[in-house]
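Me: I should like a close look at one part of this model, namely the surroundings of the ligand. Please give a connected account, and add what is notable in the backbone and the helix packing.

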Amino acid sequence: MACDYLQLATAGVQGLHPYLPGKPIAELEREYGVSNIIKLASNENPLGSSPAAVNAVRGGLDELWLYPDANGFELKQALSSQLDVTPDCITLGNGSNDVLVLLAEAWLSPAHNAVFSQYCFAVYPIATQAAGAEARIAPALPADSDMPLGHDLQAMATRIDADTRLVFVANPNNPTGTWLDNTELRDFVANVPETCLVVIDEAYLEYAGEGQGSDAAAWLVEFPNLVVTRTFSKAYGLAGLRVGYALSSPQIAAVLNRVRQPFNVNVLALLAAEAALTDHDFLQRTKTANDQGMQQLQSGLKDLGMSTIPSAGNFILVDMGREAMPVYDALLQRSVIVRPVGNYGLDRHLRITIGTQAQNATLLNALADVYS
Ligand SMILES: *Cc1c(COP(=O)(O)O)cnc(C)c1O
């Protein structure tokens, strides 16, 4: 009789549910036999990658036999000068997901709790659960508020106590797209006890418009318990390479450096990220395309009678007006992959990444067909 290895796992891991990724294009091809697939499921950049980054990767192909620079010196230098922080404030990660998990590994245990919002990014509850810590979930703002399903900072603040080691805030948030007022967010950070780290996840910062994003990196000098996480996966179009980073006080960065795998960011990712930082043209084209695509989708979805949640990201959460899974399946049959959000407790919504103009039009046509 074989052992039950789940029963032998730690209590935290026993209660864990795996992250549900967007369906890969090749998988839909295999399962449904469809072609010309459009994937609007994982908030990837529809323009591809920064060409400067792709060139840098080509230049790095002769270095694959070497371990990467464990300290990521060059990338940290580039980030340091662009962001006006010292290199010892930077922790590089295998995607910002890596950094989020490192934070949980370093500060959470069964004796501690982490606070986050209902409908927040799925990695916060997973990292908390894996560490065996208590998850304190603050109810989101109501559907009829100005920022439907967004973070309620007051509700989050009341859940923080002496045993809270991490509070996760996504600005803008995924899967909702909602954002926080900069002044209110700063006040929130100022009132969190110093024993609790405030993690502000800015994965979509580059997309946020005027008055939508936070200015959290500028607050690092004031708040030694503040951590800001960012990624090259979204606006820089490097999701496949896995590179992101955290900004924090040097003391927090030094703790993260203890739990970090020494070579957590690979040779190609380091080179690509450094080059992408200089590619202002790609970033600008990305933002312009996203703004246009957001308008196109918002008005097209409205014409179909669907309501959407305001979004400052490169995706949009749509109320399908009915159970969403059959709609998701019907879209798969029409070669369009979007993202179900039932795992977030949103059974009637789908999350749709902003695509190119042509992709958005295809999606809208497919939806019109499904709803006809
Ligand atoms: C995509 C995403 C991330 C991280 O992605 P990585 O690819 O691991 O850098 C982090 N936070 C949010 C809210 C995201 O949507």
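Reply: A polar contact is a pair of N or O atoms within 3.5 Å. The model is predicted, and that cut-off can be applied to the ligand as follows. An oxygen atom of the ligand is 3.2 Å from an N or O atom in the side chain of lysine 234; because this distance is within 3.5 Å, the pair counts as a polar contact. Two further side chains can be read in this way. For asparagine 174, an N or O atom of the side chain is 2.7 Å from a ligand oxygen. For threonine 231, the corresponding distance from a ligand oxygen to a side-chain N or O atom is 2.5 Å. Taken alone, the ligand exposes 380 Å², and the protein buries 93% of that area.

The residues around the ligand are Gly95, Ser96, Asn97, Phe121, Asn174, Asp201, Ala203, Tyr204, Thr231, Ser233, Lys234 and Arg242. Sorted by class, this shell has six polar, three nonpolar and three charged residues.

Asparagine 174 also belongs to an unusual stretch of backbone: the peptide bond from asparagine 174 to proline 175 is cis, with omega near 20°. Proline 175 is placed in the loop between β5 and α9. Another cis peptide bond joins asparagine 171 and proline 172, where omega is about -5°. Proline 172 is likewise found in the loop between β5 (164-170) and α9 (182-191).

A further backbone feature concerns tyrosine 119, which has a positive phi of about 65° although it is not a glycine. Tyrosine 119 is placed in the loop between β3 (113-117) and α7 (123-130).

The helix packing centres here on two pairs that share α14. Helix α12 (residues 280-303) packs with helix α14 (residues 357-370) at an angle of about 15°, their axes being 10 Å apart. Angles under 35 degrees count as roughly parallel, and α12 and α14 are therefore roughly parallel to each other. Their crossing is right-handed.

Helix α13 (residues 324-333) packs with α14 at an angle of about 120°, with the axes 10 Å apart. That angle makes α13 oblique to α14. The crossing in which α13 passes α14 is right-handed.

To return to the ligand, the side chains of asparagine 174, threonine 231 and lysine 234 each place an N or O atom within 3.5 Å of a ligand oxygen.

Note on methods. Residues are numbered from 1 along each chain as its sequence is written. This is a predicted model: local features need pLDDT of at least 70, side-chain atom pairs count only at pLDDT 80 or more; totals for chains, interfaces and linings use all residues. Side-chain values use heavy atoms; hydrogens and water are left out. A residue is near a molecule or strand if one of its heavy atoms lies within 4 Å of it. A polar contact is a pair of N or O atoms within 3.5 Å; within protein, one must be able to donate a hydrogen and the other to accept it, and residues adjacent in sequence count only if both atoms are side-chain atoms. Accessible areas come from the Shrake-Rupley method with a 1.4 Å probe; for residues, only the protein chains shown count as cover. Ala, Val, Leu, Ile, Met, Phe, Trp, Tyr, Cys and Pro count as nonpolar, Asp, Glu, Lys and Arg as charged, and the others, Gly among them, as polar. Axes are lines fitted to C-alpha atoms, for helices over the stretch in contact, and angles run from 0 to 180 degrees between N-to-C directions. Helices (H or I, at least four residues) and strands (E, at least two) are DSSP runs, numbered from the N terminus. Angles under 35 degrees count as roughly parallel, over 145 as roughly antiparallel, 65 to 115 as roughly perpendicular and the rest as oblique. A crossing is left-handed if the near helix is turned anticlockwise from the far one by less than a right angle, and right-handed if clockwise.
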